[in-house]
Amino acid sequence: MQKVKNNPNLLLGIDIGGTGIKGGIVDLAKGTLIGERVRIETPQPATPAAIGDVLSAIAKHFQWKGQIGCGFPGVIHQGRIMSAANLDETLIGVDFDRLAQERTGCPAHVINDADAAGVAEMTYGAGRGRRGVVLVITVGTGIGCGFFYNGLLIPSTELGHVKMKDKDTGKICDAEDLVSDRARQEHDLSWKQWAKRFDRYLKYLHRLFWPELIIIGGGATKKGDKFMPLLTVPCATTLAALGNNAGIIGAAAAAKGQLGKK
């Protein structure tokens, strides 16, 4: 159990994923975690009640009484879940801000998880100070996308669900069914084979949006040396500077801005 003294620059950030839910105390002045993060396996099925249990457990772990920011893998409208591709469909329609507050006793704000990672990278990391179009692509159980123009977030773009052709079967499917880390493992692809697919996906996004920079984040960043040198998309590409903690940090940063307005 970890307890942190009250400090207006500290928030609890929680990153909800298809396989794990991670939480940590974020120092917003520095864009770093205070102490160790905690990780709990995503419950199966990931119902609202089960997710609420995990949020409560994370808040209790840190003995947390302040503001909370959550990153969620789906479209968010005014704190309400509109899609939940890699979690239980009973989450759709749930007022997640209210759920989190009721289960933790703390004011809470939810944002799309890839948007959260993007906010972190644009504020503290690889996208800091960058103008023009920047895409932050998170690779994990699914594919998330944070879309920024001159540093401003275009929320819930969900570009992991653009349609692509599977060259092996000829079928049209969601991009994340071909290029997520889950797809790499399920299809038993080498990193070289997967990089070829991922490169095709990035080139597709480049043709649509002409980004000046693409930042690659999510769990796959741990193996960046295996695939980054193989990418040929015609724009600058880089790994997320904050690694797999970007979602936690960005969720906290986004919450600080929004909760102050409520």
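Trainee: Let's start with one residue. In which helix does Lys-192 lie?

Mentor: Lys-192 lies in helix α6, which covers residues 191-209. Keep in mind that we are looking at a predicted model.

Trainee: Is Lys-192 buried or exposed?

Mentor: We compare its relative accessible area with a cut-off: over 50% is exposed, under 20% is buried, and anything in between is partly exposed. Lys-192 has 65% relative accessibility, so it counts as exposed.

Trainee: Which residues gather with Lys-192 in a patch on the surface?

Mentor: Its partners are Lys-165, Lys-167 and Lys-196, and together with Lys-192 they gather in a patch of positive charge on the surface.

Trainee: Now a whole helix. How many residues of α3 are buried?

Mentor: For a helix, we go through its residues and ask the buried-or-exposed question for each. Helix α3 spans residues 113-123, and 10 of its 11 residues are buried, so it is mostly covered. Among the buried ones are Asp-113, Gly-118, Val-119, Glu-121 and Met-122.

Trainee: And which residue caps the N-terminal end of α3?

Mentor: To spot a cap, look for a side chain that reaches a backbone atom at the end of the helix. Here the cap is Asn-112: one of its side-chain oxygens lies 3.0 Å from the backbone nitrogen of Ala-114.

Trainee: Where is Ser-156, and what does its side chain lie beside?

Mentor: Ser-156 sits in the loop between β10 (152-154) and β11 (163-165). A polar atom of its side chain is 3.4 Å from the backbone nitrogen of Ile-76. The relative accessible area of Ser-156 is 17%, so this residue is buried.

Trainee: Next, salt bridges. How many does the structure hold?

Mentor: There are 8 salt bridges in the structure. For each one, I suggest reading the partners, then the distance, then the surroundings. Take Asp-15 and Lys-22: their closest N and O atoms are 3.6 Å apart. Asp-15 has a relative accessible area of 10% and is buried, and Lys-22 also counts as buried, at 9% relative accessibility.

Trainee: Which residue forms a salt bridge with Asp-174?

Mentor: Lys-163 does, with the closest N and O atoms 2.4 Å apart. Asp-174 lies in strand β12 (residues 172-174) and Lys-163 lies in strand β11, so the pair ties together parts that are 11 residues apart in sequence. As for cover, Asp-174 counts as buried at 16% relative accessibility, whereas Lys-163, at 48%, counts as partly exposed.

Trainee: What about Asp-168: which residue forms a salt bridge with it?

Mentor: Arg-197 is the partner, and the closest N and O atoms are 3.2 Å apart. This pair links distant parts of the chain, 29 residues apart: Asp-168 is in the loop between β11 and β12, and Arg-197 is in helix α6. Asp-168 is exposed, with a relative accessible area of 65%, while Arg-197 is buried, with 14%.

Trainee: Can residues be far apart along the chain and still be compared in space? How many residues separate Lys-256 from Ala-108?

Mentor: Lys-256 and Ala-108 are 148 residues apart along the chain, and their C-alpha atoms are separated by 9.6 Å. Lys-256 belongs to helix α8 (residues 246-259). Its relative accessible area is 35%, so Lys-256 is partly exposed.

Trainee: Finally, the backbone. What do most residues and peptide bonds look like?

Mentor: Most residues other than glycine have a negative phi, and most peptide bonds are trans. With that in mind, we can look for exceptions.

Trainee: Which peptide bond is cis?

Mentor: The bond from Gln-44 to Pro-45 is cis, with omega near 0°. Pro-45 lies in the loop between β3 (32-41) and α1 (48-61).

Trainee: And where does Gln-78 lie, and what is its phi?

Mentor: Gln-78 lies in the loop between β5 (76-77) and β6 (80-81). Its phi is near 50°, a positive value in a residue other than glycine. Gln-78 is exposed, with a relative accessible area of 80%.

Trainee: What is the phi of Trp-210?

Mentor: It is positive, about 50°, although Trp-210 is not a glycine. You will find Trp-210 in the loop between α6 and β13 (213-217). With a relative accessible area of 61%, Trp-210 is exposed.

How values were computed: Residues numbered from 1 in each chain as written. Predicted model: local features only at pLDDT ≥ 70, side-chain atom pairs only at ≥ 80, totals over all residues. Heavy atoms only, no water. Patch = residues over 30% accessible without salt bridge, like charges linked within 9 Å, V, L, I, M, F, W, Y side chains within 5 Å. Areas by Shrake-Rupley, 256 points an atom, 1.4 Å probe, with all protein chains shown as cover. Salt bridge = Lys/Arg side-chain N within 4 Å of Asp/Glu carboxyl O. Lys, Arg positive; Asp, Glu negative; His and termini not counted. Charge placed at Lys NZ, Arg CZ, Asp CG, Glu CD. Helix = DSSP H or I, 4+ residues; strand = E, 2+ residues; numbered from the N terminus. Buried < 20%, exposed > 50% of the residue type's maximum accessible area, 1.4 Å probe, protein only. Polar contact = N/O pair within 3.5 Å; in protein donor to acceptor, adjacent residues only side chain to side chain.
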